[in-house]
Amino acid sequence: MDQSVFEQMHLPGHEQVLFAQDPQTGLKAVIAIHSSVLGPALGGTRMWNYASDQDGITDALRLSRGMTYKNAISGLNLGGGKAVIIGDASKLKTEALMRSYGKFVNNLNGKYITAEDVNTNARDMEYIGMETRFVTGKSDFLGGSGDPSPFTAYGVYMGMKAAAKKAWGNDSLTGKKVLVQGAGNVGQYIVGYLVGDGAKVLICDINEERLKQAVNKFPGIEVVDGNTIFDLEADIYAPCALGATLNTESITKLKCPVVAGCANNQLADENVHGPMLMKKGIIYVPDFLINAGGVINISVELDGYNKERSLSMVEKIYGRTQEIFELSERENVHAQLAAMRIAEKRIADVGRLRTRI
Ligand code: NAD
C-alpha cells in the first residue's frame with residue numbers, strides 16, 4: 001500500500017483515526033471514526049493477527065465506513081466507527097490488554113462506542129467496561145443486551161419476508177424452499193423462523209458439528225452439499241456464512257429469485273455484482289440493512305436495555321427493505337446502491353440538524 005493514512009482517509013471521508021499502543025500489555029490498536037454526523041460512532045473491536053500493521057489500518061478504515069451506512073439506514077442516531085487490535089487473540093488477549101484498550105476508548109470521550117466483533121466477546125466488553133462507559137454489548141446478567149444473534153436473525157426474517165412480498169405478492173414463507181448456507185449462531189435462529197412458518201429448509205455448513213446441532217433441533221431440514229448449492233433450485237438463497245459468496249461464478253449459476261441472508265459483505269464487488277443480480281431479475285436485500293438487528297440490539301443497551309423495544313426497532317427492517325426496493329425501481333439502480341443512497345440522504349438531512357463534533 002503506497003498511500004499514506006491521510007490519503008486513505010481522504011476519499012471515504014474518515015474523520016479521525018487513533019493509533020494506540022501499550023508495550024507492557026502488547027496492545028496495538030487502531031480506532032477509526034468514519035463519521036460522527038448522526039451521533040457517536042458505534043462499531044465493534046476486532047482482534048486479528050494481521051499480516052502487517054497496514055492491513056489492520058485498511059481493515060479498520062473499511063469496516064468503520066460500513067458501520068456509518070449500517071447505522072444510518074437502521075435509523076440509529078449513531079455514526080460509524082470500528083477498531084482493530086492487531087495481534088493473535090489466542091496468545092495476546094488478557095484482562096490487562098483489554099482494560100488498557102478500554103482506557104484509550106475512554107480518552108475519546110464518547111465519540112467512539114465499542115462492542116464485540118471477531119475474536120472479542122462479552123467478557124472482553126466487561127473488561128473494557130471497567131475503564132470506560134463507552135462500551136455496549138455486555139452480558140445480559142450485567143444488564144447488557146447479551147447475544148445479538150437472535151436479533152440479527154429476526155431482522156433477516158423481516159427482510160426475507162419483505163423480499164417475498166416483492167417476489168410473490170405476499171410475504172408468507174410457508175412452502176418456500178430456502179437454501180441456508182451456514183448453520184452458525186445466526187443461521188440456526190433463522191432456520192427456527194423458517195421451520196416455524198412451514199418453509200422447506202436446505203442447509204449446508206463446512207462444520208459437521210454445527211450441521212448435527214441444526215438437524216437435532218429441526219429434524220425436518222435437509223442437509224445439502226455445500227459445493228453444489230448454486231446448482232440447486234430454490235426460492236430463497238440465504239448466505240449466512242462468509243462474505244463474497246455473490247460473485248460472477250455464483251450469480252451466473254444462481255437459480256433462486258431472492259437472496260436474503262445475514263453474512264457481511266455478500267457482494268464480492270458491489271459495483272459489478274449488484275448490477276449483475278439486478279440484470280438477472282434477482283431480488284437482493286442489501287446485507288448492511290438485513291443484518292443490522294445485532295447492532296440495533298446493542299444500540300438499545302445504550303439507553304437502558306429493553307428487549308421489546310429492540311425487537312420493535314428490528315422489525316422496521318421490513319419497511320426499510322420495501323423502501324429500498326421502491327427507490328431501486330424508481331431510480332433504476334441496484335438494491336445495494338439504493339440502500340446507500342437512502343443512508344447518505346439520512347446522514348445529509350439529519351446531520352444538518354446536529355452540531356458537528
Ligand atoms: P458463526 O461463526 O456462528 O456461523 C458461521 C457458520 O458458517 C459456521 O458454522 C461455519 O462453519 C459456517 N461456514 C463457514 N464457511 C462456510 C462455507 N464455505 N460453507 C458453508 N458454511 C460455512 O457466525 P454467525 O454469528 O452466525 O454469523 C454469520 C455471518 O453473519 C457472518 O458473516 C457474520 O459476520 C454475519 N453477521 C453476524 C451477526 C451476529 O449477530 N452474529 C451480525 C451481523 C452480521
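**Figure 1. Salt bridge between Arg46 and Asp59 in the predicted model.** The closest N and O atoms of Arg46 and Asp59 are 3.9 Å apart, under the 4 Å limit applied to such pairs. Arg46 belongs to strand β4 (residues 45-48) and Asp59 to helix α2 (residues 53-73), so the salt bridge ties together parts that are 13 residues apart in sequence. By this rule, the model has a count of 19 salt bridges. Side chains of opposite charge can pair when their charged atoms come close.

**Figure 2. Polar contacts of the ligand with Val186, Asp205 and Arg210.** An oxygen atom of the ligand lies 2.7 Å from a polar side-chain atom of Asp205. For Val186, the atom concerned is a backbone N or O, 2.9 Å from an oxygen atom of the ligand. Arg210 places an N or O atom of its side chain 3.1 Å from a ligand oxygen atom. The protein buries 75% of the 830 Å² that the ligand exposes when taken alone.

**Figure 3. The shell of residues around the ligand.** There are 19 residues around the ligand, and those that come nearest are Thr152, Asn185, Val186, Asp205 and Ala241. By class, the shell holds 8 nonpolar, 9 polar and 2 charged residues. Two or more residues of the shell come from each of the helices α6 (149-168) and α7 (185-196).

**Figure 4. The second largest pocket and its lining.** The space in this pocket is about 250 Å³. Its lining consists of 16 residues, of which Met278, Ile282, Ile283, Ser328 and Ala335 are the closest to the pocket centre. At least two lining residues are supplied by each of α10 (270-279), β12 (283-284), α14 (317-330) and α15 (335-351). The lining divides into 9 nonpolar, 5 polar and 2 charged residues.

Conventions
Residues numbered from 1 in each chain as written. Predicted model: local features only at pLDDT ≥ 70, side-chain atom pairs only at ≥ 80, totals over all residues. Heavy atoms only, no water. 1 Å grid on protein atoms, 1.4 Å probe; cavity = no way out; pocket = protein on both sides within 12 Å on 5 of 7 lines; lining within 4 Å. Points joined across faces, edges and corners; volume = space filled by probe spheres on them. Helix = DSSP H or I, 4+ residues; strand = E, 2+ residues; numbered from the N terminus. Nonpolar A, V, L, I, M, F, W, Y, C, P; charged D, E, K, R; others polar. Near = heavy atom within 4 Å. Polar contact = N/O pair within 3.5 Å; in protein donor to acceptor, adjacent residues only side chain to side chain. Areas by Shrake-Rupley, 256 points an atom, 1.4 Å probe, with all protein chains shown as cover. Salt bridge = Lys/Arg side-chain N within 4 Å of Asp/Glu carboxyl O.
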